[in-house]
Amino acid sequence: MNLLTDNIRPLYFRYLAAAFGSALISSIYGIVDMAMVGQYQGPDGTAALAVVAPVWNIIYSFGLLAGIGGSVLFSTLRGSKGTRHEDENEYFTAALGLAVLFSVLWWGIVAFFDAPMLRLFGASDALLPLAQDYLLPIKFTVPFFLFNQMLAAFLRNDGSPALATAGVLAGGIFNVFGDWFFVFACDMGIFGAGLATAIGAGISFCVMLTHFFSRRCTLRLVRPKRILLQTQQILVTGFSTFFIDVAMGILTMLFNRQIMRYIGTDGLAVYGIIVNISTFVQCCAYSVGQAAQPILSRNLGARAWPRIRQTLRYALYTVAFFSVFWTALVLAVPNGFVRVFMSPTESVLAAAPAIMRSYGISFLLLPLNIFSTYYFQSLMKPGAAFIVSVARGLVISGALIYALPAFAAPGALWFAMPVTELIVAVFVVQRMARYTRALGKAPAPSAAR
């Protein structure tokens with residue numbers, strides 16, 4: 001596959017298929033865990049996994065910070081004429097060093113500070129033991145989850161998107177089978193779901209490592225000549241993608257605490273389902289961004305403006321499809337999702353439709369807003385990506401999570417994200433149109449100089 005000369009349409013959809021498969025299986029990890037645990041232990045099990053959800057968001061976000069930040073710079077340099085491979089691989093080496101640092105940091109936090117961390121995320125006395133049981137086997141495999149995100153980003157930019165998908169697929173298939181086997185057949189309950197997830201992550205990591213033994217691999221370790229500058233560039237470029245995931249963890253924590261304050265355990269159980277659906281929708285948006293990013297970055301370096309505009313057009317078509325599909329599905333069958341994820345009580349079934357339909361409106365604009373961060377990053381516009389990430393991930397959303405139930409009614413809490421996505425989308429459309437019109441009117445920005 002030649003990102004500079006191949007026809008854009010088949011190239012984009014080939015990358016989309018690989019990225020979507022990877023995102024699909026990644027989201028299935030959490031979905032299957034919650035479905036199995038919810039069926040085994042009821043609403044308390046679902047609520048416990050809602051408490052654990054921010055852990056995943058934070059760990060994945062640090063993997064994306066190193067992976068997306070480094071791979072965008074790697075690919076932009078490769079698209080520039082006369083660039084030496086050593087220059088490209090300096091970014092790979094720096095990104096790998098960051099991934100190691102982040103892995104050690106979060107391994108220590110999850111292993112030794114799980115109880116205070118889970119209480120911060122909203123765990124009550126009743127839910128804390130369940131959440132700790134789930135995390136126990138995962139404590140031994142935390143680095144795998146972070147490295148899988150980082151490696152998948154570089155594999156896509158090194159011409160092996162299918163292998164990135166195969167790695168996630170292999171781990172995901174085991175996780176689906178392992179959840180059933182450990183939770184029900186071995187009667188391990190929520191601990192078994194955590195064990196299956198931990199082993200699945202290890203399998204994904206091993207599959208992706210095979211890229212480094214193939215002839216197609218051009219990634220290698222070199223000595224970065226400007227390690228501090230290159231690390232800073234990776235952090236700046238990858239920050240918006242990083243903040244999307246870490247902010248989702250922060251928002252989940254805020255929602256958890258507000259739900260327990262104003263609504264109660266039934267509301268938290270329903271929100272646990274929403275978190276998984278939202279993660280799935282977000283992963284669909286990731287897949288569009290991850291499919292378009294290598295093409296956009298490589299062609300930005302080559303100053304191939306028409307190819308960038310064509311890629312954007314296909315990406316927006318895909319975003320529109322995911323937006324309509326998921327919004328319609330949640331509005332049409334809210335209790336269908338409830339029955340998939342747990343053995344519900346009558347009170348949960350009564351509360352779920354209004355909650356899920358109110359929150360589900362946000363899915364109409366969520367894919368566009370998330371894709372925009374990838375687009376802005378690929379055009380070397382980290383400032384716009386930063387504004388989108390922080391506004392939707394913390395500033396506007398966080399303010400609404402606290403203000404709506406306090407000044408309106410408890411049920412108004414569920415409209416925090418629809419209002420947030422609408423406000424952010426206005427900014428996104430304006431900036432996306434401005435930057436796209438400007439292509440070709442100014443020199444392409446340099447990632448390395």
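**Contacts, helices and one residue in a predicted model**

Q: Of the contacts between residues at least 6 apart in sequence, what share joins residues at least 24 apart?
A: This is a predicted model. Take its contacts between residues at least 6 apart in sequence. The share of them joining residues at least 24 apart is 83%.

Q: How many helices and how many strands does the protein have?
A: Strands first: the count is zero. The secondary structure of the protein holds helices, and they number 16.

Q: What is the radius of gyration of the protein, and why does it count as compact as a globular protein of that length?
A: The globule rule gives 22 Å for 449 residues. The protein comes close to that value, so it is as compact as a globular protein of that length. Its radius of gyration is 21 Å.

Q: Are helices α2 and α9 roughly parallel or roughly antiparallel to each other?
A: Helix α2 covers residues 43-79 and helix α9 covers residues 227-262. Their axes lie 6 Å apart, at an angle of about 170°. Angles over 145 degrees count as roughly antiparallel. The two helices are therefore roughly antiparallel.

Q: Which residues make up the contact of α2 with α9: how many nonpolar, polar and charged?
A: One residue of this contact is charged. Another 11 are polar. The nonpolar residues number 20.

Q: Is Gln430 buried, partly exposed or exposed?
A: Gln430 sits in helix α16, residues 416-438. Its relative accessible area is 36%. Buried means under 20% and exposed means over 50%. Gln430 is therefore partly exposed.

Note on methods
Residues numbered from 1 in each chain as written. Predicted model: local features only at pLDDT ≥ 70, side-chain atom pairs only at ≥ 80, totals over all residues. Heavy atoms only, no water. Axes fitted to C-alpha atoms, helices over the stretch in contact; angles between N-to-C directions. Helix = DSSP H or I, 4+ residues; strand = E, 2+ residues; numbered from the N terminus. Parallel < 35°, antiparallel > 145°, perpendicular 65-115°, else oblique. Nonpolar A, V, L, I, M, F, W, Y, C, P; charged D, E, K, R; others polar. Rg over C-alpha atoms; globule rule 2.2 N^0.38 Å. Contact = heavy atoms within 4.5 Å. Buried < 20%, exposed > 50% of the residue type's maximum accessible area, 1.4 Å probe, protein only.
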